[in-house]
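Biologist: I would like to look closely at a single part of this structure and then follow it outward to whatever surrounds it. Please take me through it slowly, one step at a time.

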Amino acid sequence: MKFSETKYPIMERFYTIQGEGVYTGFPAWFIRLAGCDVGCVWCDVKESWSTANYPVLDSEFLAQEASLSGTKIVVITGGEPCLYDLTVLCNALHQKGLKVHLETSASSPILGDFDWICISPKKFKAAIPSELIKANELKVVVFHPSDIEWAQSFVKDISINCKLLLQPEWSKSNKVLPLCIDFVKKNTNWQISLQTHKFMQIP
Ligand code: SF4
């Protein structure tokens, strides 16, 4: 479905604590766009895949709402938010003085002005190699032991300042967390990201 450049299909928006990645522990307003064409088997937000039945909301409204929450950081996530040109939404959020973070698989072009870009590549639809250089943070979900080696294949395409994170997939954590710990102890430019919002039982 094609949407106007100022409106986006929105599954949900909420104020919480960022649970993952470099900004773990910071309060953030999340805007979860509906629509995803990636299809991860372990996806924990499969209800975001379709845009059907979700409202299509205007950027100015979304920015005003985020600003009123009291947050300093807005995380645009999905779904796969880069199915859409996010330029207008980023501009509206910046006009409210908010920092704009993005969580994407980079399987579609990244369009918009972001203060922080977290790229989490997926095996189910490849990241666009030329987009990887935009990552401030590379966060690879480790579902299978072989994903640790796969994660390293992206290092050649990212910037030298990009943070490198392995994130054990929640349901496989017992199996893969010890492997991630062992890897990070030997490869000290990597760090571990845990899904701490699940421990905190918050969205
Ligand atoms: S890219 Fe994200 S929303 Fe889409 S299937 Fe994968 S985990 Fe789910």
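Modeller: In this predicted model, let us start with helix α2, where Val88, Leu89, Cys90, Ala92 and Leu93 are buried. An α-helix has 3.6 residues a turn, so residues three or four places apart point the same way. The buried residues of α2 are covered by elements that include β1, α1, β4 and β5. Two of these buried residues, Leu89 and Leu93, are also listed with Val74, Ile76 and Ile119 as the members of the largest nonpolar core, which has 46 residues, that touch the most other members. Once α2 has ended, Gly97 follows, and its phi is positive, near 80°.

If we step back along the chain, we come to the loop between β4 and α2, where Gly79 is found. The peptide bond that joins Gly78 and Gly79 is cis, with omega at about 15°. Both glycines also belong to the surroundings of the ligand, together with residues that include Cys36, Cys40, Glu80, Ser105 and Lys122. Sorted by class, that shell holds 5 nonpolar, 5 polar and 2 charged residues.

Next comes α1, one of the elements that cover α2. In α1, which spans residues 59-68, Ser59, Leu62, Ala63 and Ala66 are buried. Looking down the axis of α1, we find these buried residues within an arc of 95°, so they line one face of the helix. Gln64 and Leu68, in contrast, are exposed on the other side of α1. The buried residues of α1 pack not only against α2 but also against β2, β3 and β4. Just after α1, Gly70 has a positive phi of about 95°.

The strands deserve the same care. Strand β2, against which α1 packs, has 6 of its 7 residues buried, so it is largely enclosed by the rest of the structure. On one hand β2 runs antiparallel to strand β1, to which 7 bridges join it, and on the other it pairs in the parallel sense with strand β4 over 4 bridges. Phe30 of β2 shows both pairings, for its bridge partners are Phe14 and, in β4, Val75.

Val75 leads us on to strand β5, another element that covers α2, because Glu103, which is buried with 24 other C-beta atoms within 10 Å, is in contact with Val75, Thr77, Cys118 and Ser120 once its neighbours within four places in sequence are left aside. Glu103 itself is found in β5, which covers residues 99-104.

Beyond β5, in the loop between β5 and β6, we meet Ala106. Although Ala106 is not a glycine, it has a positive phi of about 60°, and it is buried, with 27 other C-beta atoms within 10 Å. Ala106 is also one of the contacts of Ile119, alongside Thr104, Ala127, Leu132, Ala135 and Leu138, when neighbours within four places in sequence are not considered. Ile119, as we saw with α2, is named beside Leu89 and Leu93 among the core members that touch the most others.

For contrast, Asn53 is also a residue other than glycine with a positive phi, near 75°, but it is exposed, with 9 other C-beta atoms within 10 Å. Asn53 is found in the loop between β2 and β3.

Notes. Residues numbered from 1 in each chain as written. Predicted model: local features only at pLDDT ≥ 70, side-chain atom pairs only at ≥ 80, totals over all residues. Near = placed C-beta within 6 Å. Nonpolar A, V, L, I, M, F, W, Y, C, P; charged D, E, K, R; others polar. Helix = DSSP H or I, 4+ residues; strand = E, 2+ residues; numbered from the N terminus. Buried ≥ 20, exposed ≤ 12 C-beta atoms within 10 Å, placed from the backbone. Contact = placed C-beta atoms within 7 Å. Pairing = 2+ DSSP bridges. Arc of directions from axis to C-beta. Core = buried A, V, L, I, M, F, W, Y, C linked by C-beta atoms within 7 Å.
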